[in-house]
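Here's a quick briefing to read alongside the model. Take a look at the sequence and the structure first, then go through the notes below.

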Amino acid sequence: MEYTDKQLRHIRKQLVAERERLRAEGLSIEKRSSTADESDLIGELVDYDENHPGDVASETYEREKEFALSENVSELMAKVDRALEKLDEGTYGTCDRCSREISPERIHVLPYATMCVKCQDAIEGR
């Protein structure tokens, strides 16, 4: 599908807005993580002998969750950046793997999609 200039401007606007949302989300995660790390360190120094194994497990879980969220945000930002590159290159809407058109329905749902459903499924092992 050939996109009109108006459609491409709208898509770019969506992608830029998504990139800003993800950037804010990443900063929020980073802030929560650094605040948690500081309070954990202070708590460890004050209550060193009183740490309960359940507390340590909860802290470890929260750190791992924050790390996973941060990784997810980074991956999504990379996808958004790639979609913006494709807009600049004039290849937006074509699959990076097979060079076929990405369905308009998929683009509507995931404006940062750079692969068609078939290729994405193949990469994810579905």
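**Helices, salt bridges and a loop residue**

Arg82 and Glu85 sit three residues apart in helix α2, which means about one helical turn separates them. Their side chains meet in a salt bridge, at 3.3 Å from N to O. Keep in mind that this is a predicted model. Side chains of opposite charge can pair when their charged atoms come close.

**Overall build**

- The protein chain has four helices and zero strands, so reading along the sequence just gives α-α-α-α.
- There are 126 residues in the protein chain, and 23% of them count as buried.
- About 9000 Å² of the protein chain is exposed, with carbon and sulfur atoms supplying 54% of that area.
- If you take the contacts with a separation of 6 or more, 53% of them come from residues 24 or more positions apart.

**The Arg82 network**

- Arg82 also pairs with Glu89 through a salt bridge, this one at 3.5 Å from N to O.
- Salt bridges with shared partners tie Arg82, Glu85, Lys86, Glu89 and Asp96 into one network.
- How exposed is Arg82? Arg82 is partly exposed, at 25% relative accessible area.
- Glu85 counts as partly exposed too, at 40% relative accessibility, and Glu89 is partly exposed with a relative accessible area of 48%.

**A bridge between helices**

- The structure holds 11 salt bridges, and one of them joins Glu66 and Arg32, whose closest N and O atoms are 3.1 Å apart.
- That pair links distant parts of the chain: Glu66 belongs to helix α2 (residues 53-89) and Arg32 to helix α1 (residues 5-46), with the two 34 residues apart.
- Is Glu66 buried or exposed? Glu66 counts as buried, because its relative accessibility is 12% and the cut-off for buried is under 20%.
- Arg32, on the other hand, is partly exposed, with 37% relative accessible area.

**Thr114 in its loop**

- Where is Thr114? Look in the loop between α3 (104-109) and α4 (117-124).
- Thr114 has a relative accessible area of 13%, so this loop residue is buried.
- Leaving aside residues up to four places away in sequence, Thr114 touches Arg82, Ala83, Lys86, Thr94, Cys95, Asp96 and Ile102.
- Among those contacts of Thr114 are Arg82, Lys86 and Asp96, which also turn up in the salt-bridge network.

Definitions and conventions:
Residues numbered from 1 in each chain as written. Predicted model: local features only at pLDDT ≥ 70, side-chain atom pairs only at ≥ 80, totals over all residues. Heavy atoms only, no water. Buried < 20%, exposed > 50% of the residue type's maximum accessible area, 1.4 Å probe, protein only. Contact = heavy atoms within 4.5 Å. Areas by Shrake-Rupley, 256 points an atom, 1.4 Å probe, with all protein chains shown as cover. Salt bridge = Lys/Arg side-chain N within 4 Å of Asp/Glu carboxyl O.
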